[in-house]
Amino acid sequence: MRLPSATTRGKNKARQAAKGRGVAAVARAGFVGRGVLYLLIGALALRIAFSDGGGRQADRGGALAEIAEKPFGNILLWLLGAALAGMALWRLSEVCFGQAGPDGDKASKRALAGARCVFYGFVSYSILAYAAGDKGSGSGESDRQTQDATAKVLDWPAGQWIVAAAGAGVVGAGLWIAGRALMRKFRDRLRLSEMSQHQRRGVDILGIAGGTARGVVFGVAGGFAVTAALQHEPGEAKGMDNTLRSFADTTGGPWLLALIALGLATFGLFSWANARWRKF
């Protein structure tokens, strides 16, 4: 009888570690950190809906500035950056060893996990850099970075097509996020058997409302990118803050922005529910 090779044993141990309590713990911390960001962004957007927002921008930089002003704010920023690094690490483990569930080894799911790993890695780095004194991720930075990046790409050969395709992709992602929320697909990744009936109902409300609001914001941001491409005007592209402010310019006025803001804050609470009941 042949014994498993050292390489096979090593792979099995690595897979067990990726599915173990350590990775689950850092993933839970990541969901808590994501929840904090969305709650703060939602609160800032709600403040902007009915006032000037106190000079804050409803984006990641605005949320970081809000935290930095609190007692022990810099320590909290380091903890938040570390938590989201844990989220990136968990997504990396999904790339290497697959996700939880029967279809977790599919190439498409691994690729999606890879994209999420890169995203959360970038967010974690920006928060840690901010905590270390680099204010380049400060309030309003998302709008400037979006417009600068759009301007550079528009100057490339076929740049308009690239920006338009990217914008259409973001619109598609927004529709996908909202659609999955409305169909309650998030239930597949939660340990529903551990919840009471009231808890399941509450998580459904958080998941539907929060996911739909998040999808709408993605979709609108993608639409602005498509407009920037068609008009060859990088100023039409908008980051998180200006995308949210655009809702106040509609016929719904500040009430529509307030509704979206509450939805984003709800997604923050839904992230905390994931930290409690997510399957890992």
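This is a short dialogue on salt bridges, burial and helix packing in a predicted model.

Trainee: Why is the contact between R245 and D241 called a salt bridge?

Mentor: The closest N and O atoms are 2.8 Å apart. The cut-off is within 4 Å, so the pair counts.

Trainee: How far apart are R245 and D241 along helix α9?

Mentor: They are 4 residues apart, so about one helical turn separates them.

Trainee: Is D241 buried or exposed?

Mentor: D241 has 0% relative accessibility. Buried means under 20%, so D241 is buried. R245 has 26%, so R245 is partly exposed.

Trainee: What makes E66 buried and K70 partly exposed?

Mentor: E66 is at 13%, under the 20% limit, so it counts as buried. K70 is at 41%, between 20% and 50%, so K70 is partly exposed. Their side chains meet in a salt bridge at 3.7 Å, N to O. R47, E66 and K70 are linked in a network of salt bridges.

Trainee: What does the salt bridge between R276 and E194 tie together?

Mentor: The closest N and O atoms are 3.8 Å apart. R276 lies in helix α10 and E194 in the loop between α7 and α8, so the pair ties together parts 82 residues apart in sequence.

Trainee: Why is α8 called oblique to α10?

Mentor: Their axes cross at roughly 130°. That lies between 115 and 145 degrees, outside the perpendicular and antiparallel ranges, so α8 is oblique to α10. The axes come within 7 Å, and the crossing is left-handed.

How values were computed. Residues numbered from 1 in each chain as written. Predicted model: local features only at pLDDT ≥ 70, side-chain atom pairs only at ≥ 80, totals over all residues. Heavy atoms only, no water. Axes fitted to C-alpha atoms, helices over the stretch in contact; angles between N-to-C directions. Helix = DSSP H or I, 4+ residues; strand = E, 2+ residues; numbered from the N terminus. Parallel < 35°, antiparallel > 145°, perpendicular 65-115°, else oblique. Left-handed = near helix turned anticlockwise from the far one by under 90°. Buried < 20%, exposed > 50% of the residue type's maximum accessible area, 1.4 Å probe, protein only.
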